[in-house]
Amino acid sequence: MNSKPITPSDVLEALRDYLDPELGRSIVSLGQVRQIRVDAGSLSVSVGLTSFAAPLWEEIRLELTERLRKAFPQLPEVKVVIEAWDRPPEKLGLVGISAKGVVAVGSGKGGVGKSTVAVLLAQGLAKAGCRVGLLDADLYGPSIPHLLGLHQQPTVSNDRLQPIWADGIAVMSIGLFVPAGEAILWRGPMLHNAIRQFLQDTDWGPLDYLIVDMPPGTGDVALSLSQLLPLTEVVVVCTPQDVALLDATKAITMFRKLQIELLGMVENMSYFICPGCGMRHEIFGSGGAKRRAEQLNVPFLGQIPLNVDLRIQCDQGRLANVWQDPVLASCLQSICHQLVRQAVSLRRQKAREVQLPVL
Ligand code: ADP
């Protein structure tokens, strides 16, 4: 039995190789291990974390507690408290937006629920405590204003476009400037300029995540985004049928060619729970996207069922209401958690690569 008293530096040593989820560097060397209190038989530590990984705070707290329990089995009580830690984002890419991550949401074809998923991801991250912006880059068919029931036009203040705030998310869309249902014609260079302007001229404020709803399929907007914001990561939405999966595969190939990192695939309209009999129906087949994700070596983030209420809330512009359904909320929350886990794992991996000595 170790009778030597435990000191704060023993505690720091035990936590030294725990990597900050945002920067992928030691939480100890970043100074994020705050108060350490060792009293007879009990240890309490407070750790500062930024809102980038807010959805994972509870699981990180449990991991840190477990780590300290293992390091100091002689202590009957170990308590870890997570506190908010502020670290402003750096300016990204040629457009200089202040964001810690840019997550494009793409799909192989239209109608698979890509915009719906983009909104739900933005809402899920914002609900968990992240600072989120949502850019509708589906310039041919902007549907974000409709899904969120937004009708007001953005104003300009200090030469910057003011985003519209909805459910705690800063939203910008070309659809806020044109009457619903009006066709918008774009030539190639105009498309690039429009994306650049929306990124650069919008007063996004400091963001953890900018979610970008991409046009369906492969094309110019992805190329623009990869040039303007080289650190963009992508989530691909698909439905379980083979045809949709083939298109999703093409989209994944395109993102890889553009060196846009893949955070994962989301399968939408995966199954239908009959409200009458409670039976699960696999209308478009089952498990297709998960299998395809494995074949393509892309993380699978989760499934969203085909849900009548979700469809109604989309049509009525009140998508935030679907979070009141506990079953839907739990699968959406799990997808958001998987997305952040993936983003964190990429950052930790990149930080390790940077630290490796070049021989
Ligand atoms: P995309 O962006 O891929 O073209 P949308 O997100 O605009 O597709 O979705 C098209 C429509 O499909 C939405 O308006 C919504 O009514 C419906 N929808 C999307 N996902 C679901 C779902 N999981 N359950 C029921 N309806 C859905």
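**Exercise 1. Helices α7 and α8**

Task: In this predicted model, at what angle do the axes of helix α7 (residues 242-257) and helix α8 (residues 288-296) cross, and which residues meet?

Solution:
1. The axes of α7 and α8 come within 10 Å, and their crossing angle is roughly 30°.
2. Angles under 35 degrees count as roughly parallel, and α7 and α8 are therefore roughly parallel to each other.
3. The crossing in which α7 passes α8 is right-handed.
4. On the α7 side, the residues in the contact are D242, L245, A248, T249 and I252; they meet G288, A289, R292 and L296 of α8.
5. Sorted by class, this contact of α7 with α8 holds five nonpolar, two polar and two charged residues.

**Exercise 2. Helices α5 and α6**

Task: Describe how helix α5 (residues 188-201) is placed against helix α6 (residues 220-228).

Solution:
1. The α5 and α6 axes come within 10 Å and cross at roughly 45°.
2. That angle makes α5 oblique to α6.
3. α5 passes α6 in a crossing that is right-handed.
4. From α5, the residues G188, L191, H192, I195, R196 and L199 take part, and from α6 their partners are D220, V221, S224, L225 and L228.
5. The classes in the contact of α5 with α6 are six nonpolar, three polar and two charged residues.

**Exercise 3. Helices α3 and α10**

Task: Are α3 and helix α10 (residues 326-355) roughly parallel or roughly perpendicular to each other?

Solution:
1. The axes of α3 and α10 come within 9 Å, with a crossing angle of roughly 80°.
2. Since 65 to 115 degrees counts as roughly perpendicular, α3 and α10 are therefore roughly perpendicular to each other.
3. α3 contributes L120, L121, G124, L125 and A128 to the contact, while α10 contributes L332, Q333, C336 and L339.
4. The contact of α3 with α10 has seven nonpolar and two polar residues, and no charged residues.

**Exercise 4. The shell around the ligand**

Task: How many residues surround the ligand, and which elements give two or more residues to the shell?

Solution:
1. The ligand is surrounded by 19 residues, and the closest are G113, K114, S115, T116 and R311.
2. Two or more residues of the shell come from each of α3 (114-128), β13 (261-273), β15 (300-306) and α9 (308-315).
3. Of the elements, α9 supplies the largest share of the shell, four residues.
4. By class, the shell around the ligand has seven nonpolar, nine polar and three charged residues.

**Exercise 5. The two domains**

Task: Where do the bounds of domain 1 and domain 2 fall, and how many residues of each are in contact with the other?

Solution:
1. Domain 1 covers 8-84 and domain 2 covers 91-347.
2. Taken over C-alpha atoms, the centres of domain 1 and domain 2 are separated by 33 Å.
3. The contact involves ten residues of domain 1 and 13 residues of domain 2.
4. On the side of domain 1 that touches domain 2, seven residues are nonpolar, two are polar and one is charged.

Definitions and conventions:
Residues are numbered from 1 along each chain as its sequence is written. This is a predicted model: local features need pLDDT of at least 70, side-chain atom pairs count only at pLDDT 80 or more; totals for chains, interfaces and linings use all residues. A residue is near a molecule or strand if its C-beta atom, placed from the backbone, lies within 6 Å of it. Ala, Val, Leu, Ile, Met, Phe, Trp, Tyr, Cys and Pro count as nonpolar, Asp, Glu, Lys and Arg as charged, and the others, Gly among them, as polar. Domain bounds come from an automatic or database domain assignment. Two residues are in contact if their C-beta atoms, placed from the backbone, lie within 7 Å. Axes are lines fitted to C-alpha atoms, for helices over the stretch in contact, and angles run from 0 to 180 degrees between N-to-C directions. Angles under 35 degrees count as roughly parallel, over 145 as roughly antiparallel, 65 to 115 as roughly perpendicular and the rest as oblique. A crossing is left-handed if the near helix is turned anticlockwise from the far one by less than a right angle, and right-handed if clockwise.
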